[in-house]
Amino acid sequence: DAMQVLNLPPASKYAVSTEQAIEALALQCQAPVLARRNLYIQFVFAWLTGNGDLHGKNVSILADLHGRFNVAPIYDIPCTLVYGDDTMALTVAGKAKNLKKKHWAELARVLGLADRATQSANQLALKAALTVDLSELPFEGSPLRGAQRELRFRRMELQ
């Protein structure tokens, strides 16, 4: 995970930025540019689905049989919005709350992603996020409606 790659203790899992986590992991991968894009997608998807728990221990790389590293599939993906948590676990462009499209564009720029790659990644994350139906969770009333409203806003913001 990012904390191991950064040689930081697990307790520091909220003390790094998204940029630091992505760059540290990508530099260990066989294809760093592709790794940056795939990790970017994981963070955008987390934001689009209300996952405020994508911290430094929840983003990882895996070695293949030849010892080459690639981005691990996304895991531990709760919707923390239903609990009233509307922040990201790690900052994106210096912010953990009230993120806008410009913050994601800044992250992509820092990571060196081309505009077309960023747009494609955003569309892929949006398409996947649209399959998430919070009404299937065991929540109702204002926690559910508030989370659904926030996710609609986030998805419109990125379109």
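This briefing covers the buried residue Asp53 and the salt bridges of the structure above. The model is predicted. Six salt bridges are counted in it, three of which are described below: Lys57 with Asp1, Asp86 with Lys97, and Glu106 with Arg109. Asp53, by contrast, has no salt bridge.

**Asp53, a buried acid without a salt bridge**

- Asp53 sits in the loop that runs between helix 3 (32-48) and strand 1 (61-63).
- The residue is buried, and the nearest side chain of opposite charge belongs to Lys13, 6.0 Å away.
- A salt bridge requires a side-chain nitrogen of Lys or Arg within 4 Å of a carboxyl oxygen of Asp or Glu, so Lys13 at 6.0 Å does not supply one for Asp53.
- The Asp53 side chain does make a polar contact, at 3.3 Å, with the side chain of Tyr14.
- Beyond its neighbours within four places in sequence, Asp53 is in contact with Tyr14, Asn58, Asp76, Pro78, Thr80 and Ala89.

**Lys57 and Asp1**

- Lys57 and Asp1 form a salt bridge in which the closest N and O atoms are 2.4 Å apart.
- Lys57 belongs to the loop between helix 3 and strand 1, while Asp1 is in the segment before helix 1 (2-5), so this pair ties together parts that are 56 residues apart in sequence.
- Lys57 counts as partly exposed because its relative accessibility is 26%.
- Asp1 has a relative accessibility of 13% and therefore counts as buried.

**Asp86 and Lys97**

- A salt bridge joins the side chains of Asp86 and Lys97, with an N to O distance of 3.2 Å.
- Both Asp86 and Lys97 lie in the loop between strand 2 (69-71) and helix 4 (101-111), so the pair ties together parts that are eleven residues apart in sequence.
- With a relative accessibility of 26%, Asp86 counts as partly exposed.
- Lys97 also counts as partly exposed, at 40% relative accessibility.

**Glu106 and Arg109**

- The salt bridge between Glu106 and Arg109 has its closest N and O atoms 2.7 Å apart.
- Both residues are in helix 4, where Glu106 and Arg109 are three residues apart, about one turn of the helix.
- Glu106 counts as partly exposed, since its relative accessibility is 29%.
- Arg109 reaches 54% relative accessibility and counts as exposed, because the cut-off for that class is over 50%.

Definitions and conventions
Residues numbered from 1 in each chain as written. Predicted model: local features only at pLDDT ≥ 70, side-chain atom pairs only at ≥ 80, totals over all residues. Heavy atoms only, no water. Helix = DSSP H or I, 4+ residues; strand = E, 2+ residues; numbered from the N terminus. Buried < 20%, exposed > 50% of the residue type's maximum accessible area, 1.4 Å probe, protein only. Lys, Arg positive; Asp, Glu negative; His and termini not counted. Polar contact = N/O pair within 3.5 Å; in protein donor to acceptor, adjacent residues only side chain to side chain. Contact = heavy atoms within 4.5 Å.
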